[in-house]
Amino acid sequence: MIGAEQFAEEIRRAGLEPPPTIEPGRLHRFSSNGKPGDDGGWCKLFEDCTGGVFGDWRSGLSEVWQAKRERPFSPEEKAAFRAKCEEERRQRKAEEERRQKDAAAKTVAVWGEAEPAREDHPYVKRKQVKPVSTLREIPAEQLANTLGYSPKSRGEPLTGRVLVAPVKVGDKVSTAELIDTNGRKTAIYGGQKAGGYWAAQRLPEDLETLLIGEGVATALSAKEASGHPAVAALSCGNLEAVAKEMRGRYPRAKIVVLADLGNGQEDAESAARAVDGFLALPDPGEDRPEGLLATSTTWPVYVALRASWRPWRRRPRLARRDRIHRCRFGASSDPETPGIRAHPRTAGGGPWRSGECAR
């Protein structure tokens, strides 16, 4: 079917992998993140194959596609096509709002039944971080009963003691990140995650420095090491949206985006640039302590094994705003100014291996 093939190709151009078969007139759900069991993507090809709509619940993507044909559309046909697209959009929006409302209600219910996370939780111990008041835990069986389904990660159900990290969009709870004993992660079904964040503490009305990491353990590690408030974007693709949200909330704050090496590093750089912030990368350097591998790429590993952090440094601001500044991130050695701080680069210094700071 030519129409279905063209429609599928348009979905691919948008960065999504369409379902193997697209039946006209039927709403299809498919994975938008490559994980089995995910159904964040959606699409519907009109029965006459003249067009279709598709999108992604997770990112908020919503697109319209119109098939190519030899003769142009008449005014009546254009009006009918626009009406059909508008009706499909209305239905998708109503369904999305229903799903998000249901997910938020279930998140509140789960949070109410959960207990404060304990230090002996296997995931917390493995990451060598301390639980905080914004993190709770609940047995997997009780979680499934409350949700009405057994949450899964890559097709495997969560087991043991499940950590609950409530996700907020703005100031409203939207869903929750769920992490089981083995470190498997998922979120409460249907909730909005685009632009959502988990805070490692209650966010104050004002602050001087804010750290933004990808995961829960990253935020906890950086908060413990620096003493500064931290939030987790919960995915590298969500870093920029969260950074912009925090910039709107704290226009004068120094925002530091914590990037993992390799996958997601470019997203972290874009996020730092977008808010005129800083970017920091974990780098033990050549004098890394014993047990810290050169391939260690995440903040929890770096913070847990390193005895002391080097000062965070940056070069003087460049005239061009699209240039990147290299920097170091770490705890200040000055007891009068705890936490991270900036120092001008000294003359004749070595290579700036520790990170890039977008200003």
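**Pockets, strands and buried residues in a predicted model**

The lining of the largest pocket comprises 15 nonpolar, 20 polar and 15 charged residues. The model in which this pocket is found is a predicted one, and the pocket itself has a volume of about 1,500 Å³. Among the 50 residues that line the largest pocket, N33, K35, R58, T186 and K193 are the closest to its centre. Several elements contribute to this lining: at least two residues each come from α2 (75–113), α3 (122–127), β7 (152–153), β11 (185–187) and α5 (216–226). A general idea helps when picturing such spaces: a probe the size of a water molecule, rolled over the atoms, shows where empty space is left.

The second largest pocket has a volume of about 410 Å³. Its lining is made up of 15 residues, and those nearest the centre are T134, P166, K168, Q201 and R202. Two or more residues of this lining are given by each of α2, β9 (161–169) and β12 (198–199). Sorted by class, the lining of the second largest pocket has eight nonpolar, three polar and four charged residues. Helix α2 is thus worth finding in the structure, as α2 serves the lining of the largest pocket and also that of the second largest.

Stepping back to the chain as a whole, eight helices and 18 strands are present. Of its 359 residues, 47% count as buried. Contacts with a separation of 6 or more were also considered, and 54% of these are between residues 24 or more positions apart.

The strands are a good place to continue. In general, the strands of a sheet pair through backbone hydrogen bonds, in either a parallel or an antiparallel way. Strand β1 (residues 27–30) pairs with strand β2 (residues 41–45) in the antiparallel sense, over four bridges. Within this pair, L27 has K44 of β2 as its bridge partner. The side chains of β1 alternate: H28 and F30 point to one face and are buried, whereas L27 and R29 point to the other face and are not buried. This fits a general pattern, in which the side chains of a regular strand alternate between the two faces of the sheet.

Strands β3 (residues 51–56) and β4 (residues 61–66) also run antiparallel, joined by six bridges. Opposite G55 stands S62 in β4. Four residues lie between the strands of this hairpin, and G60 has a positive phi near 85°. Before the hairpin, the loop between β2 and β3 holds C49. This residue is not a glycine, yet C49 has a positive phi of about 60°.

An open sheet of five strands appears further along the chain, with the order β12-β14-β13-β15-β16 and mixed pairing. Its edges are formed by β12 and β16 (278–280); each has a single partner strand, so one side of each is left without a neighbour in the sheet. Inside the sheet, strand β13 (residues 209–213) and strand β14 (residues 230–232) run parallel and are joined by three bridges. G213 finds its bridge partner in A232 of β14.

How many of the 11 residues of α5 are buried? Eight are, so α5 is largely enclosed by the rest of the structure. The buried residues of α5 are V216, A217, T218, A219, L220, S221, A222 and S226. Just after this helix comes G227, with a positive phi of about 85°. L234, in the loop between β14 and α6 (239–249), likewise has a positive phi, near 75°, although L234 is a residue other than glycine. With a relative accessible area of 12%, L234 is buried, because buried means under 20%.

Finally, the cysteines deserve a look. Which of C43, C49 and C85 are buried or exposed? C43 has 0% relative accessibility and so counts as buried. C85, with a relative accessible area of 5%, is buried too. The value for C49 is 18%, and C49 is therefore also buried. As for disulfides, the structure holds zero.

Terms used
Residues are numbered from 1 along each chain as its sequence is written. This is a predicted model: local features need pLDDT of at least 70, side-chain atom pairs count only at pLDDT 80 or more; totals for chains, interfaces and linings use all residues. Side-chain values use heavy atoms; hydrogens and water are left out. On a 1 Å grid over the protein atoms alone, a cavity is a set of points where a 1.4 Å probe fits but cannot get out, and a pocket is an open set with protein on both sides within 12 Å along at least five of seven lines; lining residues have an atom within 4 Å of a point. Grid points are joined across faces, edges and corners, and a volume is the space filled by probe spheres set on the points. Ala, Val, Leu, Ile, Met, Phe, Trp, Tyr, Cys and Pro count as nonpolar, Asp, Glu, Lys and Arg as charged, and the others, Gly among them, as polar. Two strands pair if DSSP finds at least two bridges between them. A disulfide is a pair of cysteine sulfur atoms within 2.5 Å. Buried means under 20% relative accessible area, exposed over 50%, partly exposed in between (1.4 Å probe, protein chains only). Contact means heavy atoms within 4.5 Å.
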